[in-house]
Amino acid sequence: MVATTRPETLFGDSAVAVHPKDERFNHLVGKFVELPLTGRRIPIIADDYVDPEFGSGCVKITPAHDFNDYEVGLRHDLPKINIMTDDATMNENTPEQFVGMPREEAREAAVAAMEALGLLDSVKDHRMMVPRGDRSSAVVEPYLTDQWYVKIEPLAKPAIEAVETGRIKFVPQNWDKTYFEWMRNIQDWCISRQLWWGHRIPAWYDDNGNVYVGYDEADVRTEYSLDDSVTLTQDEDVLDTWFSSALWPFSTQGWPEKTDSLNMFYPGAVLVTGFDIIFFWVARMIMMGTKFMDDVPFHEVYIHGLVKDENGDKMSKSKGNVLDPLDLIDGIDLESLVAKRTSSMMQPHLKKRVEKSTRKKFPDGIPAFGTDAMRFTFAALATTGRDIRFDLARVEGYRNFCNKLWNAARYVLMNCEDKALAASSEHQSLADRWIQSRLANVIDEVRSSMESYRFDLAAKSIYEFIWHEYCDWYLELTKPILQNDGNVDAQKATRHTLVHVLESVLRLSHPVMPFITAEIWARVNTLTDISSDESIMNASFPASDDWTVDACAETDIEWVKHFVVGIRNIRGEMDVSPAKPVPVLCQDATKEDQDRLQQHGDLLTALARLESITLLEVDPPPAATALLGTMKILVPMAGIIDPKAELARLNRQIEKLRKDLAQNRNKLGNEKFVKNAPPEVVEKATQLVAELAASIEQLEAQIAIVDSL
RNA sequence: AGGCGCGUAGCUCAGUGGUAGAGCACUACCUUGACAUGGUAGUGGUCGGUGGUUCGAUCCCACCCGCGCCUACCA
């Protein structure tokens with residue numbers, strides 16, 4: 001007894017197989033059974049392929065119509081009996097009454113015929129996956145045909161070695177596993193495709209079925225001395241698209257001629273592609289390259305993620321969830337978007353659903369974000385992950401960033417065009433030295449991120465520097481210098497720094513945001529003394545060596561920032577109007593604090609909007625407090641601050657500090673930690689405990705004062 | 001079935017063996033002379049679960065749960 005999901009294939013059966021160790025049946029191996037309805041005798045064979053636990057433990061073998069059975073057939077030298085025509089109807093190898101039946105009909109008829117003979121045991125439901133054609137959804141039947149194959153092993157071996165030896169590197173490196181997995185289990189490559197377009201396979205047949213391969217028919221006739229009396233027909237099939245594509249790295253450069261451009265552009269440096277293409281194209285380019293050019297086609301393969309929609313689904317026309325980059329750049333109204341998404345669908349019945357989800361997701365269509373914002377978004381999203389979930393909110397955020405850069409440039413131009421700039425770095429302010437130091441840092445970051453293909457990190461560094469250092473702090477720090485009738489030398493130096501840092505950061509950002517940087521650079525560049533190029537495209541990428549790292553300036557500015565943030569914090573939380581200048585008292589200032597107060601008082605006054613700064617030598621009045629190291633920054637309450645609110649704020653802060661303190665004390669209390677941890681880590685914890693304890697003490701003292709009111 | 005990968009703030013994602021980060025969203029206040037596509041401040045997380053290694057794990061290891069992709073197959 002055998003089981004089958006395709007009864008009609010029994011006409012093509014050429015054996016019944018059992019497992020070699022199956023004691024129920026192994027005495028029958030080598031004997032024959034009669035195949036019903038056909039009168040043929042077929043052998044009982046033993047093969048490991050059979051799962052003795054499944055069904056009856058006996059499997060009918062149909063080599064011409066099943067992939068596994070085909071393999072079994074090869075092992076046992078069984079005949080391959082084709083029972084179907086090209087149209088999947090039964091052919092003359094089936095009993096007369098079945099010939100010409102479509103396979104579905106033949107299936108029912110075969111079952112009925114078996115039943116009539118009393119040979120049907122039972123019919124059971126069985127769930128299984130059935131392969132279907134992509135476009136027609138028709139069930140695909142395995143069917144023997146003659147097709148062309150490429151013997152792959154001799155090609156695969158050197159291609160595997162190219163990656164093993166590091167002549168080709170994947171980035172991220174992990175993808176080499178995917179490559180190896182596929183290449184080491186590779187099977188001969190069927191290159192025949194039954195399509196009406198493509199490169200026809202260059203094989204010709206004569207009337208006797210002899211095959212001739214050549215460049216074209218004339219070549220074949222010459223090569224094989226066939227005169228016009230021999231009719232030649234070219235193979236109907238075309239080459240697999242990846243076969244032609246695999247030749248791309250050199251065929252595009254004039255190969256097989258040894259052209260200059262082939263010499264120059266082969267091998268290439270890097271191939272950029274998606275991981276879904278590793279098998280299709282990357283592997284095949286490597287195989288073809290090592291075969292025909294005797295060298296790898298490229299040295300690095302940068303694999304990026306695939307853009308998915310907001311639900312994490314792959315974008316596809318048939319699903320109607322595609323976003324056209326042009327629509328992000330130029331914007332599109334809802335009706336046009338709906339029309340666009342539903343027009344070229346392969347499955348029209350999904351139209352309504354696509355329309356509905358589009359109207360829901362984009363009720364106002366898509367606003368115009370511009371090319372730079374879109375490019376910046378893709379750079380920022382190019383992480384090492386394999387999915388890129390596209391999120392319009394990100395594009396909007398980076399559109400705003402473009403706007404920020406534009407406005408910063410306006411400020412610089414407004415302050416520097418038609419005004420005197422210093423020619424050198426003399427008279428530079430603390431802020432000037434600081435921003436240049438930070439610029440050196442961001443240039444290093446961006447360069448190393450780019451070199452390792454971490455475009456997300458590069459974008460992040462650029463964003464962080466431009467917005468949160470250059471705009472938030474540096475531009476603000478230049479205002480007190482530029483806007484007061486101050487030192488003319490200092491103003492000239494500041495303008496010099498404003499312009500040159502901007503010019504440099506434009507070049508740094510240009511690969512990601514080409515248009516806005518080019519536009520601004522065209523004007524900013526005329527103010528510099530560095531470059532005379534007409535286009536930013538020809539300017540060199542910034543080098544950090546061109547800028548001075550100034551650790552002192554960095555710590556001084558950190559101090560200034562903490563001071564200012566401390567005051568803003570009090571303002572924000574105590575509801576003090578930003579417009580109201582506040583007096584500030586400084587208690588327990590160290591010598592260094594005092595020096596800095598002296599030197600940078602103007603900056604503090606401007607940025608924190610202070611009425612006055614007073615060094616306190618007597619007991620402080622009730623005040624709101626911020627800590628800067630050991631120094632207390634006090635804003636007297638008198639009329640502007642609510643004691644209750646300040647108490648709540650102090651308690652919140654102190655609670656946080658206490659938690660940290662407990663954690664670190666705990667650590668230091670652990671002998672093993674002190675013994676095993678690196679000394680610098682222990683040292684850091686010790687220092688932290690001291691600082692936290694001191695801060696808590698100071699805040700407690702403040703609480704006591706405020707509480708006593 | 002095999003291979004690869006993912007799970008971190010409401011959302012989209014960085015990140016590190018040593019006190020958890022960004023953008024967006026959210027809350028409060030602010031049209032101050034580059035910018036309201038903005039500014040200032042703030043809220044928000046037992047880093048999927050359980051064990052193990054370690055002085056210490058979000059990170060390393062094992063197992064589990066959930067999700068995804070690729071390849072092969074399913075008498």
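**Reading a predicted model, feature by feature**

Me: In the hairpin of β2 and β3, which residue takes a positive phi?

Reply: Keep in mind that this is a predicted model. Most residues other than glycine have a negative phi. In this hairpin, which puts 4 residues between its strands, Leu37 has a positive phi near 70°.

Me: And how do β2 and β3 pair, parallel or antiparallel?

Reply: Strands of a sheet pair through backbone hydrogen bonds, in either a parallel or an antiparallel way. Here β2 (residues 32–35) and β3 (residues 40–46) go antiparallel, over 4 bridges. To see one position, look at Leu35, which stands opposite Arg40 in β3.

Me: What is the strand order in the open sheet of 3 strands?

Reply: Read across, the order is β6-β14-β13, with parallel pairing. The edges are β6 (169–171) and β13 (268–274), each pairing on one side only. From one strand to the next, the twist averages 20°. Between β6 and β14 (residues 298–304) there are 3 bridges, and Lys169 has Glu300 in β14 as its bridge partner.

Me: Which peptide bond near Pro172 should I look at, and is it cis or trans?

Reply: Most peptide bonds are trans. The one from Val171 to Pro172 is cis, with omega near -5°. Pro172 sits in the loop between β6 and α4 (175–184). You'll find another cis bond from Trp255 to Pro256, with omega near 10°; Pro256 is in the loop between α7 (248–251) and α8 (260–265).

Me: Back to phi. Where is His427, and is it buried or exposed?

Reply: His427 is in the loop between α14 (392–416) and α15 (430–451), and its phi is positive, about 65°, although it is not a glycine. It counts as partly exposed because it has 16 C-beta neighbours inside 10 Å. Try Arg609 too: its phi is about 50°, and it lies in the loop between α20 (591–608) and β18 (610–615). Arg609 has 18 C-beta neighbours inside 10 Å, so it is also partly exposed.

Me: Which helix gives the most to the largest nonpolar core?

Reply: Start with the core itself: it has 78 residues, and those touching the most other members are Phe376, Ala459, Ile462, Tyr470, Val505, Ile567 and Val635. Helix α16 (residues 455–483) gives the most, with 11 residues. Apart from this core lies another, of 22 residues, including Tyr179 and Phe298.

Me: What does Ala459 contact beyond its neighbours within four places in sequence?

Reply: Look for Phe376, Ala379, Ala380 and Val512 around Ala459.

Technical notes: Residues are numbered from 1 along each chain as its sequence is written. Chains are lettered from A and ligands numbered from 1 in the order in which they are written. This is a predicted model: local features need pLDDT of at least 70, side-chain atom pairs count only at pLDDT 80 or more; totals for chains, interfaces and linings use all residues. A nonpolar core is a set of buried Ala, Val, Leu, Ile, Met, Phe, Trp, Tyr and Cys residues joined through C-beta atoms within 7 Å. A residue is buried if 20 or more other C-beta atoms lie within 10 Å of its own, exposed if 12 or fewer, and partly exposed in between; C-beta atoms are placed from the backbone. Helices (H or I, at least four residues) and strands (E, at least two) are DSSP runs, numbered from the N terminus. Two residues are in contact if their C-beta atoms, placed from the backbone, lie within 7 Å. Two strands pair if DSSP finds at least two bridges between them. Axes are lines fitted to C-alpha atoms, for helices over the stretch in contact, and angles run from 0 to 180 degrees between N-to-C directions.
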